[in-house]
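Visitor: Please choose one part of this model and take me through it closely.

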Amino acid sequence: MSASTASSITSSVWTPIRVDLVPFLPSSSPSEVAKLAAVQALRQACETDGLFLLDYKGWLRTRDGLRVAGPAPCFDIGTASGGAGKSRSSDSPTEKDVAAETDDSKEAMDHTCMKACGPINRRNFPSYPRVLDAIDSFFALPLQEKEALPSIHSQGFSRGYIPVLGESGLKGQFIEWKEGFSMGYESADGGDEGSSEGVRDPSAGSAWFQRERADVATRRASSPSPSPQNLLEGPNVWPTSSTALAALRGGGTGKGGTAFREEMQAFFVDMIALSRALCRALSLALGREEGWLEEASGEGGERISLLRAFHYMSSSSLPPSVLPSRALGSSPHTDWGLFTIILQQRQESTGEEEGDEEEGGLQFRGRPQGARVGAREEGEEMEWVRVPWVAETLIVNCGDFLAMLSERLVAEGKARAGRGREGGREGGTERERRPFHSPVHRVTLSPSRDRTSLVFFFYPSYDTPMPATGREGLREERREVGRGGKGHEYNTLRGESEETRGEGGEASPLTFGEHLARKWAGVKSS
Ligand SMILES: O=C(O)CCC(=O)C(=O)O
Ligand SMILES: [Fe+2]
């Protein structure tokens, strides 16, 4: 496998799923139905591709051909939101809230079910266009300004500027033609400039986002200590030279000064807020109560979560000594945590439409177009599937930790179903569940265009034990990893070594954070 001779690359249209709101549970109110169907759509996306698009209007988009069994309206994340520990019903937006959030959005009103949609739209989620502008201004700084910024890479802890060739997921196989910037959680005493809260304008956006941000701020204030608690916590680094501060933008009105820093911090906080809502929706998709996933992930995952911005250069800028087939933006890998949220900048172009066929960008290993949804389990060969740029969407992909957690749930469900059969009862839907999938993905280079993305890795807490998934999961992951071919492994947290687990598929003696620190330490180029 090389970047240019990869098997066929499928490009597909990612359609928003829109089906009538036909109540399929007679006793449910319409919003309960919408929620159930959305959760079902989410579950199917996580079980098959392990990757979906979430647009700012609240639609869940999956690959063509994916259909849910039942009505599948918008992804109603709004009703899956609310602070930790609150009951579900008290979190649901009232009709009035919903009307207020959508009444200036004529387009949204076209679709009945959008009225029930939550926080993700331009107005509710205001940090997104500004943060792209901010990060562009960072990468546009003169090289010496970026290189003057500390680049910290120590025992898995990574902050600051990531220089070109500074990292590689699969050393010796590909060079990764990109530069980056890495930041994390800003602890309460995070610095003397900018906003120590990490919230530039706490009152921006919808009531939903304000509440989530407030919740994040409360957690921050009550966190045990602002000083690092483990290998993966520590301070961020920010540009301080007068040249950099004059050139950096914060989007909107924020120019120069600490605008860049504030924009990045605000986006980080918004990603935590969104992640916590997603956790609740994913818990339901896993067949559990809303708070289940957050509880299973321990307290304080945001303290080790990471935001990494990348600027991938076009392959036309490679030095003559590097074969384009040996260069990638990011080597094949899975993400290692709960899930990753990616905001990608449209590649520089003139007059092109979304979903265009331009080469380069994010791709994942998925079933061939048109193949049965269960193709992966049946051992069918996967191929690279392009994730198109679609205006105003975030990409979400499941990570290894989430996949392993769900494998455990499925195994438990099967065991219960087996016991049910012995007792003469049906095992119910548990037997039909499949584990969530953490897709292998990579970034290829465009021959002519640069690409920028913001990649937010949402993790469980450092001390969370690795889930014990049993032998079946181990076999499945070996198969997937093996597909990289000899000498072309995928860089995953799972399956690559016995260390991820103890003997015989039992839980590993190392915590999630200990594994993660090793993984991040491993990507640094020496
Ligand atoms: O830039 C992207 O779209 C994704 C990058 C990625 O997969 C990663 O950094 O883990
Ligand atoms: Fe990734």
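**The iron site and some rings**

Guide: His333 counts as buried, with a relative accessibility of 14%. Buried here means under 20% relative accessible area, with exposed over 50% and partly exposed in between (1.4 Å probe, protein chains only). His441 is buried too, at 3%. A word on the basis: this is a predicted model, where local features need pLDDT of at least 70 and side-chain atom pairs count only at pLDDT 80 or more, while totals for chains, interfaces and linings use all residues. Residues are numbered from 1 along each chain as its sequence is written, chains are lettered from A and ligands numbered from 1 in the order in which they are written, and side-chain values use heavy atoms, without hydrogens and water.

Both histidines serve the iron ion (ligand 2): its protein donors are His333 (NE2), Asp335 (OD) and His441 (NE2), 2.1 Å from the ion. Donors are N, O and S atoms within 2.8 Å of the metal (3.2 Å for Na, K and Ca), and since water is not among the atoms, sites may look incomplete. Along the sequence, the donor spacing reads H-x1-D-x105-H. Distant parts of the chain are linked this way: His333 belongs to strand 11 (residues 330-333) and His441 to strand 16 (residues 441-444), 108 residues apart. Strands (E, at least two residues), like helices (H or I, at least four), are DSSP runs numbered from the N terminus.

To finish, look at Arg442, which lies over the face of Trp384, 4.1 Å from the ring centre. That label requires NZ of Lys or CZ of Arg within 6 Å of the ring centre and within 35 degrees of the ring normal.
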